[in-house]
Amino acid sequence: MSQSRRNFVKTIAGSSFLATAIGKDLLTTKKEITLDYKADFNGIEDMNIAGIGMGIMGFNNCRAATSIKGVNLIATCDLYQGRLDRSKEVFGKNIYTTRNYQEILSRNDINAVIISTADHWHNKIAIAAMNAGKHVYLEKPIVHHIEQGMSVVNAEKSTGKVVQIGSQGVSSLIYQKAKEIYKSGELGKLVMAEASFNRQSSNGAWQYSIPTDASEETIDWSRFLGDAPKIPFNKEHFFRWRNFQEYGTGVAGDLFVHLFSGMHVILSSLGPNKIFATGGLRYWNDGRNVPDVMLAVFDYPKTESHEAFNLILKVNFIDGGGEGGNFKLMGTEGVLEIVGNKLMLTKSKMSDSPTYGGWDSFDTFTEAQQKEYVKWFKAKYPNPSKPIKIASKEVYKEPNNFDSHKAHYMNFFNAIMGKEKAIENSSFGLRAAAPSLAANKSYFESRPISWDPVNMKLV
Ligand SMILES: NC(=O)c1ccc[n+]([C@@H]2O[C@H](COP(=O)([O-])OP(=O)(O)OC[C@H]3O[C@@H](n4cnc5c(N)ncnc54)[C@H](O)[C@@H]3O)[C@@H](O)[C@H]2O)c1
């Protein structure tokens, strides 16, 4: 029970009326439940894939995909020679490697590509891949700039290829359970939501290791720049591209987008229509041109699947409380919270009748008036219900052997085989990325941004 909830119960329990009313009917239970799953991870028909962008996430993605029987990684593409060599060490020396993604796309024996490049290459490679007949697993955020989003959505439509965006958390059992609980109406009316990421480490703040052999010989620098401003070779820009708006999308594009994906999958929401963000560069003064602290507020309009509500997202890269975060949906009768791989449902339903006493004006009345008031109250509410009808907590956790990243790939491959729909297609991906990128726009332009989540365009 939280401090405020404890204080609230203590306050109301202190009143003369409530001392009798609250009694034994206040139910407080705590249940811990391990979630069950029926997903079939036994394998699929032969699927040849290639990884484009073999950095930290490229390796993670290729490991997750090839953990499914029947999936063969046959080629990798990257701009740093060390990562191409490493992909042979990890996935086998027969893997074909190249610095030119077009070579991958022109091969007829590749069914699907996994794109895990820096953000500024996402749209270009994804569209080229679909036009070359490949299914696409594309890392979040789907695009570098909001305006590029519809071209990816349109390419998915015109080519009929499967697109899965890489916020793998949406395939977790926790989000699916949260969706089920939300749909059942247990939270009452949703009024507010909040989520955050707190970090306190150099890696957490994107100061990734730079190999000692980084040079223009080992790195295809001009290809890396692509459409970005032409500048001389800079290994920090190559290995720590997130720190620079020219290639990355800041904390919003990196992390808000995961929070939106989770929020939207649970609520079946298309997203917010008004965005305001603030923040600053508070600690990591390493030359970056993006903030390391960001707070943003989002207004969600009423839709068929939710009431109008407000969302607050926060990222802090120098949190003195240590690493962590939260994810919370607050309804009038319950709160859903995700902490780590646990989902908690706390329920507290307010009584239909009003209360008196405790922190109230009742005690300021004369004794005679208090007696009169009690008489009046009993006549008006002969059977007052308890102030809090239910107070309970249920905790759900994923089984240890469940891997949401693998499940996300299983869904991708099943979608390619026509057995399921991709949980995170390009429209879903754009609806998660656009408000994140709009938060950047709001921060840099110091103004609220309006977004049309239905038609997916800036207003
Ligand atoms: N889903 C997740 O949980 C998650 C986690 C981390 C990163 N990501 C996303 O994955 C992507 C990669 O992030 P990272 O941390 O692996 O970065 P990284 O810097 O470790 O790797 C990026 C790689 O892309 C390569 N690259 C860049 N442009 C290329 C091009 N035109 N052709 C071929 N290769 C190219 C680079 O050589 C580099 O090795 C980003 O979009 C990021 O947002 C997602």
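1. A good place to begin is Pro 141, which sits in the loop between β6 (135-138) and α7 (149-159). The peptide bond leading into this proline from Lys 140 is cis, with omega near -10 degrees. Most peptide bonds are trans, and that is reason enough to give this one a look.

2. Please keep in mind that this is a predicted model. The average pLDDT for the protein is 91, and 92% of the residues score at least 70. The stretch to treat with care is residues 1-27, where pLDDT stays under 50. The model does have 36 contacts beyond four places in sequence for this stretch. Still, where pLDDT is low, the predicted coordinates should not be read in detail.

3. Two serines are worth a glance for their backbone angles. Ser 268, in the loop between α11 (250-267) and β9 (274-280), has a positive phi of about 50 degrees although it is not a glycine. Ser 446, in the loop between α14 (426-445) and β16 (449-452), also has a positive phi, near 50 degrees. For context, most residues other than glycine have a negative phi.

4. Are these two serines buried or exposed? Ser 268 counts as partly exposed, because it has 13 C-beta neighbours inside 10 Å. Ser 446 has 9 other C-beta atoms within 10 Å, so this serine is exposed.

5. On to the ligand, which is surrounded by 27 residues, the closest being Gly 53, Gly 55, Met 57, Leu 79 and Glu 139. The elements that give two or more residues to this shell are α3 (56-66) and α9 (221-225). The largest share, three residues, comes from α3. By character, the shell divides into 12 nonpolar, eight polar and seven charged residues.

6. Now the interior. In soluble globular proteins, nonpolar side chains tend to be buried together. Here the largest nonpolar core has 109 residues, and those with the most contacts inside it are Ile 49, Val 113, Ile 115 and Val 136. The element that gives the most to this core is α11, with 11 residues.

7. Which residues does Ile 115 touch, leaving aside those up to four places away in sequence? Among them are Ile 52, His 122, Ile 125, Ala 126 and Ala 129. Val 136, another residue with the most contacts inside the core, is also touched by Ile 115, as are Tyr 137 and Leu 138. Two further partners of Ile 115 are Gly 53 and Glu 139, and both of these are listed with the residues closest to the ligand.

Key:
Residues numbered from 1 in each chain as written. Predicted model: local features only at pLDDT ≥ 70, side-chain atom pairs only at ≥ 80, totals over all residues. Helix = DSSP H or I, 4+ residues; strand = E, 2+ residues; numbered from the N terminus. Buried ≥ 20, exposed ≤ 12 C-beta atoms within 10 Å, placed from the backbone. pLDDT = per-residue confidence, 0-100. Contact = placed C-beta atoms within 7 Å. Near = placed C-beta within 6 Å. Nonpolar A, V, L, I, M, F, W, Y, C, P; charged D, E, K, R; others polar. Core = buried A, V, L, I, M, F, W, Y, C linked by C-beta atoms within 7 Å.
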